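These are my notebook entries on one chain. I wrote down what I looked up, in the order I looked.

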Amino acid sequence: MSTFGDSAADLETSALVLRAAQAHTALMRGDIDAYLGFIRTSEDFTLMAPFGGTPTRAGDFTSQRWASIGRFFRNGREASLELIQAYRSADMVVLAAIERALVEVGGLAGQNWSLRVTLVFRREQGQWRLAHRHADPLVEGISLEQAAALAAERA
């Protein structure tokens with residue numbers, strides 16, 4: 001994890017990194033209530049999930065949908081968040097990171113689950129809210145041919 005200085009902005013950014021890491025750990029255990037205790041989303045939140053497809057918007061996240069997300073992950077351990085870079089303005093923080101865990105995902109056996117993520121936090125009425133999350137499973141990278149094949153499937 002990157003280190004920050006002692007300024008108030010750096011301390012706030014460090015606190016957001018810690019909250020994102022704690023939220024990730026909670027989610028990998030399937031504890032959606034703890035996740036939502038660490039991360040509050042904005043009213044215009046967007047999610048670009050690691051499986052692709054149409055982005056999801058805040059209105060799609062009912063309590064039942066959140067519960068379903070919590071059930072999707074089980075027995076997560078060794079969860080970590082590796083901060084690659086943090087960007088900050090007065091009312092926005094962007095975290096580029098890699099989330100890692102050993103976890104059972106979607107009923108599959110436990111496995112290494114690593115995602116490249118971008119988290120965009122916006123300050124709203126004095127609170128940091130997650131406005132956007134983008135994740136993909138390409139931590140190890142794929143070849144040009146594999147990327148072309150994925151792109152061609154959508155053409």
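**Entry 1: a salt bridge with arginine 116**

I began with arginine 116, which is partly exposed because its relative accessible area is 39%. The cut-offs I used are these: buried is under 20% relative accessible area, exposed is over 50%, and partly exposed lies in between, with a 1.4 Å probe and protein chains only. I noted that this is a predicted model, so local features need pLDDT of at least 70 and side-chain atom pairs count only at pLDDT 80 or more, while totals for chains, interfaces and linings use all residues. Residues are numbered from 1 along each chain as its sequence is written, and side-chain values use heavy atoms, with hydrogens and water left out.

Which residue forms a salt bridge with arginine 116? I found aspartate 136, with the closest N and O atoms 2.8 Å apart. A salt bridge here is a side-chain nitrogen of Lys or Arg within 4 Å of a carboxyl oxygen of Asp or Glu. This pair links distant parts of the chain, as aspartate 136 is in strand E6 and arginine 116 is in strand E5 (residues 111-124), 20 residues apart. Aspartate 136 counts as buried because its relative accessibility is 12%.

**Entry 2: other salt bridges**

I looked up how many salt bridges the rule gives, and the count comes to 10. One of them joins the side chains of glutamate 99 and arginine 133, at 2.7 Å from N to O. Glutamate 99 sits in strand E4 (residues 92-105) and arginine 133 in strand E6, 34 residues apart, so I listed the pair as a link between distant parts of the chain. Are these two partners buried or exposed? Glutamate 99 is buried at 5% relative accessible area, and arginine 133 is buried at 13%.

I also noted a salt bridge between arginine 122 and glutamate 124, with the closest N and O atoms 2.6 Å apart. Salt bridges that share partners join Glu12, Arg88, Asp91 and Arg123 into one network. Back at the pair, arginine 122 counts as partly exposed at 23% relative accessibility, and glutamate 124 is partly exposed with a relative accessible area of 23%.

**Entry 3: the whole chain**

I counted 4 helices and 6 strands in the chain. Helices (H or I, at least four residues) and strands (E, at least two) are DSSP runs numbered from the N terminus. Along the sequence the pattern reads α-α-β-β-α-β-β-β-β-α.

The C-alpha trace spans about 45 × 35 × 30 Å along its principal axes. The chain has a radius of gyration of 16 Å, which agrees with the value near 15 Å for a compact globule of 155 residues. That radius is taken over C-alpha atoms, and the globule rule is 2.2 Å times the number of residues to the power 0.38. Of the 155 residues, 32% are buried. I also looked up contacts, meaning heavy atoms within 4.5 Å. Among those with a separation of 6 or more, 53% are between residues 24 or more positions apart.

**Entry 4: the nonpolar core**

How many residues are in the largest nonpolar core? It has 34, and those with the most contacts inside it are Tyr35, Leu95 and Phe121. A nonpolar core is a set of buried Ala, Val, Leu, Ile, Met, Phe, Trp, Tyr and Cys residues joined through side-chain atoms within 4.5 Å. Helix H1 (8-28) gives the most to this core, with 8 residues. Leaving aside neighbours within four places in sequence, tyrosine 35 is in contact with Ala23, Ala26, Leu27, Trp66 and Leu130.

**Entry 5: two buried residues**

Valine 103 is in strand E4 and counts as buried at 0% relative accessibility. Its C-alpha atom is 7.8 Å from that of arginine 29, although the two are 74 residues apart along the chain. Beyond four places in sequence, the contacts of valine 103 include Met28, Phe73 and Trp113.

Threonine 56 lies in strand E2 (residues 56-57). Threonine 56 is buried, because its relative accessible area is 11%. Not counting residues up to four places away in sequence, threonine 56 touches Phe45, Thr46, Leu47, Phe61 and Arg65.

**Entry 6: isoleucine 142**

My last lookup was isoleucine 142, in the loop between strand E6 (127-136) and helix H4 (144-153). Isoleucine 142 counts as partly exposed, at 36% relative accessibility.
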